[in-house]
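Visitor: Could you take me through the aromatic rings in this one? I'd like a close look at how they pair up.

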Amino acid sequence: MQFLSEDFVSEWGSTERPALGNRSGLVVIKVDGGPDGKVSLTLELAEGLIVDAYIGSVRGRDLELTMPYELAVGLFLCKADPAAEYMKGHLKMRGDMELWLDLLPAWRKRVTEGGEPQLAAETTF
């Protein structure tokens, strides 16, 4: 399946994983420069767990992350550190700073310690 396609996002969103912090909210991720141009996806978090993920951008988001396609691939494959990329300005954040500061350490730990996700073997980039 194609990275960031509807099928991919649905499968990725339903994958069981540890909580990303303990906050709830809507996170919109905007990825630019991919094979299909700009893609937006929305994550619904409940107490740090992803309870829904889908293509599209919603109003009333709590947090918006913007990144280039290559970085999105690197983050998915656990080959890029979200904190380092944020500090370099490649990963941009806008919105609820408390949600971001709750989400970032758990996301960083997963990326730096988790290894490549199983879904990567079924994904084309």
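Guide: Here's a walk through the aromatic pairs, with a look at the sheet and helices around them. Keep in mind that this is a predicted model. Searching the whole structure turns up 8 aromatic pairs. Take F8 and F76 to start with: their ring centres are 5.2 Å apart and the planes sit at 80°, over the 60 degrees needed, so this pair is edge-to-face. It ties together distant parts of the chain, since F8 belongs to helix α1 (residues 6-14) and F76 to helix α2, 68 residues apart. F8 is buried, at 3% relative accessible area, and F76 is buried too, at 9%. These two also belong to one aromatic cluster, made up of F3, F8, Y69, F76 and F125.

Now for a pair of tryptophans. W100 and W107 have ring centres 6.4 Å apart and planes at 80°, so they're edge-to-face as well. W100 counts as buried at 1% relative accessibility, and W107 is buried at 16%, because the cut-off is under 20%.

And the backdrop? There's an open sheet of 5 strands, ordered β3-β2-β1-β4-β5 with mixed pairing. Its edge strands are β3 (49-55) and β5 (92-95). Helix α2 (residues 69-76), the one carrying F76, lies across β1 (25-34) and β4 (63-68), at about 105° to β4. Helix α4 (residues 97-114) packs on the sheet too, touching β1, β2, β4 and β5, with its direction about 50° from that of β4.

One last ring: W12 has the charged end of R17 sitting over it, 4.3 Å from the ring centre.

Notes:
Residues numbered from 1 in each chain as written. Predicted model: local features only at pLDDT ≥ 70, side-chain atom pairs only at ≥ 80, totals over all residues. Heavy atoms only, no water. Pairing = 2+ DSSP bridges. Helix = DSSP H or I, 4+ residues; strand = E, 2+ residues; numbered from the N terminus. Contact = heavy atoms within 4.5 Å. Axes fitted to C-alpha atoms, helices over the stretch in contact; angles between N-to-C directions. Phe/Tyr/Trp six-rings, centres within 6.5 Å; stacked < 30°, edge-to-face > 60°. Buried < 20%, exposed > 50% of the residue type's maximum accessible area, 1.4 Å probe, protein only. Lys NZ or Arg CZ within 6 Å of the ring centre and 35° of its normal.
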